[in-house]
Amino acid sequence: MTAPYRLHYAPDNASLVIRLALEDMGLPYETMLVDRTSRAQDSAAYRALNPAGLIPVLETPQGPIFETAAILLWLADTHGQLAPAPADPARGAFLKWLFFASNTLHADMRMLFYPDKYIAEAQVETLRTGLRPRLRAHLALLDAVAAGAPDWLSPATPSILSWYLACLMRWLALYPQDSDRSWFAATDTPHLHRILAALETRPATRATQVAEGLGDTPFTAPHHANPPEGSAT
């Protein structure tokens, strides 16, 4: 690597969260496209980095790291940015909601987007119907936290959690393409929506808009990516 970090990415995949965090921290990094159209994530070379074959992977001087929340937290702690420090009294509250976003909200979204990995095709819409109110409830809980504007979840001070949530809410507005999405509107969670609007003004977002073809309002009024390379599926 010519930079300290190498991000294995696909446009508008979970690697987007990591790219935004790297940009916001001002860290030098290089990228390597994982071409999903050719199933490059299943190659022996990629599986050597992430045995689960999922995107992203961040190569670091300490070795490759996978799992979105793990990468985010490692970067935040390594560079002392975008998260309360381990000794900060706010650390516990921050961690519980970071892992709620990862283990509950993101996990349920994966079932919504890829139901065939969890259930028979004939029951796909039944599963999705059950997930939608769960997802609305998850977002309502996070909006209630944002209403208190803690330093780690407010429009004024971005964190790895706010970047993560911005991407998750972007994807809820866009996917799954073959199913009803009218149940979701970012404005239903006004405190989170203000965070999304604030993030759109940051240089990290502008740099990523160009890199991954996200358009001018990638969080508040998103459209499908039109990346210069690779696949956004």
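User: Before we start on the pocket, which residues count as nonpolar, which as charged and which as polar?

Analyst: Ala, Val, Leu, Ile, Met, Phe, Trp, Tyr, Cys and Pro count as nonpolar, while Asp, Glu, Lys and Arg count as charged, and the others, Gly among them, count as polar. Please keep in mind that this is a predicted model.

User: Good, so how do the residues of the lining of the largest pocket divide?

Analyst: They divide into 18 nonpolar, nine polar and 11 charged residues, and together the lining has 38 residues.

User: Which of them lie nearest the centre?

Analyst: Arg36, Leu54, His106, Arg110 and Tyr114 lie nearest the centre of the largest pocket, and the space in that pocket comes to about 1,000 Å³.

User: Which helices supply at least two residues of the lining?

Analyst: Helix 4, which runs over 91-113, helix 5, over 124-147, and helix 6, over 160-174, each supply at least two residues. The largest share comes from helix 4, which gives six residues.

User: Staying with helix 4, how do the axes of helix 4 and helix 5 cross?

Analyst: The two axes come within 9 Å and cross at roughly 155°. Angles over 145 degrees count as roughly antiparallel, and helix 4 and helix 5 are therefore roughly antiparallel to each other. The crossing of helix 4 past helix 5 is left-handed.

User: And which residues meet there?

Analyst: On the helix 4 side the residues include Trp97, Phe100, Leu105, Met109 and Phe113, and on the helix 5 side they include Leu127, Leu131, Leu135, His138 and Val145. By class, this contact of helix 4 with helix 5 has 14 nonpolar, two polar and four charged residues.

User: What about helix 3 and helix 4, how do those axes cross?

Analyst: The axis of helix 3, residues 68-79, comes within 10 Å of the axis of helix 4, and the two cross at roughly 150°. That makes helix 3 roughly antiparallel to helix 4. In the contact, Ala69, Leu73 and Asp77 of helix 3 meet Arg91, Phe94, Leu95, Leu98, Phe99 and Ser102 of helix 4, and by class there are six nonpolar, one polar and two charged residues.

User: Now helix 1 and helix 6: is that crossing left-handed or right-handed?

Analyst: Helix 1 passes helix 6 in a right-handed crossing, with the axes of helix 1, residues 15-25, and helix 6 coming within 9 Å and crossing at roughly 140°.

User: Which side chains should I look up on screen, I mean which residues meet?

Analyst: Leu16, Val17, Leu20, Asp24 and Met25 in helix 1 meet Ile160, Trp163, Tyr164, Cys167, Arg170 and Trp171 in helix 6. That contact has nine nonpolar, no polar and two charged residues.

User: Changing topic to the backbone, where is the cis peptide bond with omega about 15°?

Analyst: That bond joins isoleucine 55 and proline 56, and proline 56 lies in the loop between helix 2, over 44-49, and strand 3, over 57-60. The peptide bond from tyrosine 175 to proline 176 is also cis, with omega near -5°, and proline 176 is found in the loop between helix 6 and helix 7, the latter over 190-199.

User: One last thing, what is phi of aspartate 12?

Analyst: Phi of aspartate 12 is near 60°, which is a positive value in a residue other than glycine, and aspartate 12 has its place in the loop between strand 1, over 5-9, and helix 1.

Definitions and conventions: Residues are numbered from 1 along each chain as its sequence is written. This is a predicted model: local features need pLDDT of at least 70, side-chain atom pairs count only at pLDDT 80 or more; totals for chains, interfaces and linings use all residues. Side-chain values use heavy atoms; hydrogens and water are left out. On a 1 Å grid over the protein atoms alone, a cavity is a set of points where a 1.4 Å probe fits but cannot get out, and a pocket is an open set with protein on both sides within 12 Å along at least five of seven lines; lining residues have an atom within 4 Å of a point. Grid points are joined across faces, edges and corners, and a volume is the space filled by probe spheres set on the points. Helices (H or I, at least four residues) and strands (E, at least two) are DSSP runs, numbered from the N terminus. Axes are lines fitted to C-alpha atoms, for helices over the stretch in contact, and angles run from 0 to 180 degrees between N-to-C directions. Angles under 35 degrees count as roughly parallel, over 145 as roughly antiparallel, 65 to 115 as roughly perpendicular and the rest as oblique. A crossing is left-handed if the near helix is turned anticlockwise from the far one by less than a right angle, and right-handed if clockwise. Contact means heavy atoms within 4.5 Å.
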